[in-house]
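Student: Hi! I've got a structure open and would like to talk through some of its side chains. Can we go step by step?

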Amino acid sequence: MKYAGILLLFVFLTLENKCFSQNLKKQKSEDQEVINLRKKLIAKKMDTVYIEFSIDTFLIERELRGNLKNTISDLDMREAYYTLAQQYDSLMNKYYKRLKSVLKDEDKKVLVSAQKAWLSFRDLESNLTETISDEKYSGGGTLQKVVEATEYLALLRTRTINIFDHYARAIQAY
């Protein structure tokens, strides 16, 4: 029994090391994509702020493509879209903080008010999407949950781009 546990641990560690090695190789090739993108953007004389944002969004979208390749159900698709939405939410918060940091105190209030209004809009729009997904309007089905997730993602993606654009203009990165 003792040897079986040791053998099982050995097999687990061997498989884990092999998976880690394969993931590291995949990550290095993927990192080459980022390097190539950065080179293209530099060649176009893009501002460093735009380069950073382009790479941030590229990484998020690339992850979605990878996640969608592995989906076998509507639930998997929905989870992939909501995961991406969470990443865009984090990215939006990153640029929101940057924008807020460059605004004068009296202008920060405008940003905070606009963001609160947008959050309210996001929630109400999500409620509307959920309502329309109901069987009495859309016919129902599990695919409606995927539609809800993609619409939620579209809201976050668009707001993230808007916040970034405000930030880029505020620092005159054009």
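Student: Is Glu33 buried, partly exposed or exposed?
Tutor: Glu33 counts as partly exposed, because its relative accessibility is 36% and the label covers values between buried (under 20% relative accessible area) and exposed (over 50%), using a 1.4 Å probe and protein chains only. Keep in mind that this is a predicted model, where local features need pLDDT of at least 70, side-chain atom pairs count only at pLDDT 80 or more, and totals for chains, interfaces and linings use all residues. Residues are numbered from 1 along each chain as its sequence is written, and side-chain values use heavy atoms, with hydrogens and water left out.

Student: Ok, and what does the side chain of Glu33 meet in a salt bridge?
Tutor: Its partner is Arg62, at 2.8 Å from N to O. A salt bridge here is a side-chain nitrogen of Lys or Arg within 4 Å of a carboxyl oxygen of Asp or Glu.

Student: Where do those two sit in the chain?
Tutor: Glu33 is in helix 1 (residues 2–43) and Arg62 in helix 2 (residues 48–69), so the pair links distant parts of the chain, 29 residues apart. Helices are DSSP runs of H or I with at least four residues, numbered from the N terminus.

Student: And Arg62, buried or exposed?
Tutor: Arg62 counts as buried, because its relative accessibility is 14%.

Student: How many salt bridges are there by this rule?
Tutor: The count comes to eight.

Student: Cool, which residue does Lys94 pair with?
Tutor: One partner is Glu52, with the closest N and O atoms 2.8 Å apart. That pair connects helix 3 (residues 74–102), home of Lys94, to helix 2, home of Glu52, across 42 residues. Lys94 also meets Asp56 in a salt bridge, at 2.8 Å from N to O. Asp56 is in helix 2 too, 38 residues from Lys94.

Student: What is the relative accessibility of Asp56?
Tutor: It is 17%, so Asp56 counts as buried. Glu52, on the other hand, is partly exposed at 27%, and Lys94 is partly exposed with a relative accessible area of 27%.

Student: Which residues are linked in a network of salt bridges?
Tutor: Glu52, Asp56, Lys94 and Arg98 are linked that way.

Student: New topic: which residues form a nonpolar patch on the surface?
Tutor: Leu128, Ile132 and Tyr137 do, with about 310 Å² of accessible area together. Leu128 lies in helix 4 (residues 105–132) and is partly exposed, at 44% relative accessible area.

Student: What's the rule for a patch?
Tutor: Patches use residues with over 30% relative accessible area and no salt bridge, joining like charges within 9 Å and nonpolar side chains (Val, Leu, Ile, Met, Phe, Trp, Tyr) within 5 Å. Accessible areas come from the Shrake-Rupley method with a 1.4 Å probe, and for residues only the protein chains shown count as cover.
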